[in-house]
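Trainee: Please pick one helix in this predicted model and take me through it up close. After that, follow the chain outward from it as far as you like.

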Amino acid sequence: MSLLTITKLSACVGAEVTGLDPARLGGNDPVAETILQALEDNGVLVFRELGLQPEAQVQFCRRLGAIDHSSDGHHPVAGIYPVTLDTAKNASAAYLKATFDWHIDGCTPTGDDYPQKATVLSAVQVADRGGETEFASAYAAYEALTDDEKHRFGVLRVVHSLEASQRRVTPDPTAEQLARWRSRRTHEHPLVWTHRSGRKSLVLGASADYVVGMDLDEGRALLAELLDRATIPDNVYSHSWSIGDTVIWDNRGVLHRAAPYDPDSQREMLRTTVLGDEPIQ
Ligand code: OGA
Ligand code: MN
């Protein structure tokens, strides 16, 4: 008998899961299947003070798909990447400033990888103030369009770049920074993603630079307007972290961002990423 309960946290995104024994997340326990279905249905799942150990987190993520090991080496456990602005704990911390803007992970990969399927964060240290993680459903953003907009936007394509997301936090880059950003190739994605499941979502966020074939400013204004509409406070679940919390999100159908926090804060999240197996199409 399972005492698992799943309670919605807002109208269109997020649910809290209680009654879970972390030991049941690994192996073949049917509870993991229930959780995966809940993730598809809710976009974000919150497990308060679960106290999930890093190894168990990686094991659970294996049930969702292949684990991203491209950022290994910053933490003793393979499959764990520390999300922190503390450069002593993470040498690539500078790039994380871009997480303060709404985004979908993996829209500008180095190669041709598909966006990650899901991401898990567990809180090791939390910020004294701020540092919430905020989520908005990209499926709900599509559904909220008018029929006319669904029709018009269904054919649009958008160029995404690392430069676009980094410029938002570093508007006056050095020549060297700019060259580094530009060494990552750009990616063109449809604005509307038709998933294998048949569901549709909007592909928006910090990496979205311009709309192909549209006047630059007009296209950027459209992207900004759509992002604003997708992330109005009523559509957002904001997670205030306690140590030991675990949150998992469906990266393909959810936009996320970190709320600002003191750059000197000890805030540290342990992240495990499940690789995607579906192109944006
Ligand atoms: C991420 C991310 C947000 C946060 O790990 O991809 O965007 O709140 N994190 O740290
Ligand atoms: Mn992210």
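Mentor: Let's take α1 and begin with what it hides: its buried residues are Val31, Ala32, Ile35, Leu36, Ala38, Leu39 and Asn42. Looking down the axis of α1, you find them within an arc of 160 degrees, so they line one face of the helix. That arc is taken from the directions that run from the helix axis to the C-beta atoms. "Buried" is under 20% relative accessible area, "exposed" is over 50%, and "partly exposed" is in between, using a 1.4 Å probe and protein chains only. Helices here are DSSP runs of H or I with at least four residues, strands are runs of E with at least two, and both are numbered from the N terminus.

Before going on, some ground rules: this is a predicted model, so local features need pLDDT of at least 70 and side-chain atom pairs count only at pLDDT 80 or more, while totals for chains, interfaces and linings use all residues. Residues are numbered from 1 along each chain as its sequence is written, chains are lettered from A and ligands numbered from 1 in the order in which they are written, and side-chain values use heavy atoms, with hydrogens and water left out.

Back to the helix. α1 covers residues 30-42, which is 13 residues, and it reaches 19 Å from its first C-alpha to its last, close to the 18 Å expected at 1.5 Å a residue. The expected span is 1.5 Å times one less than the number of residues. At the N-terminal end, Asp29 acts as a cap, with a side-chain oxygen 2.9 Å from the backbone nitrogen of Val31. That is a polar contact, meaning a pair of N or O atoms within 3.5 Å; within protein, one must be able to donate a hydrogen and the other to accept it, and residues adjacent in sequence count only if both atoms are side-chain atoms. Just past the other end, Gly43 takes a positive phi of about 80 degrees.

What lies over that buried face? The cover includes β1 (5-8), β2 (15-18), β3 (44-47), α2 (54-62), β5 (118-125) and β13 (246-250). Contact means heavy atoms within 4.5 Å.

Where α1 ends, have a look at Val13. It's found in the loop between β1 and β2, and its C-alpha is 5.8 Å from that of Gly43, although the two are 30 residues apart along the chain. Val13 is buried, with a relative accessible area of 1%. Leaving out residues up to four places away in sequence, Val13 touches Asn42, Val44, Phe135, Ala136, Ser137, Asn235, Val236, Tyr237 and Val254. So Asn42 turns up twice, as a buried residue of α1 and as a contact of Val13.

Now follow the chain on to α2. On the way, in the loop between β3 and α2, sits Glu49. Glu49 has a positive phi of about 50 degrees although it is not a glycine, and at 57% relative accessibility it counts as exposed.

In α2 the buried residues are Pro54, Gln57, Val58, Phe60 and Cys61. Down the axis of α2 these also fall within an arc of 160 degrees, so they line one face of the helix. Their cover includes α1, β5, β13 and β15 (268-274). Notice that α1, β5 and β13 come up there, just as α2, β5 and β13 come up for α1.

For another helix to set beside α1, try α7. It runs over residues 216-230, has 15 residues and reaches 21 Å from first C-alpha to last, close to the 21 Å expected at 1.5 Å a residue. Its buried residues are Gly219, Leu222, Leu223, Leu226, Leu227 and Ala230. They cover an arc of only 130 degrees around the axis, which puts them on the same side of α7. The face turned away from that side carries the exposed residues Asp217, Glu218 and Asp228. At the start of α7, a side-chain oxygen of Asp215 reaches to within 3.3 Å of the backbone nitrogen of Asp217. Covering the buried side are elements including β6 (133-137), α3 (138-143), α4 (147-153), β7 (157-160), β11 (208-211) and β14 (254-258).
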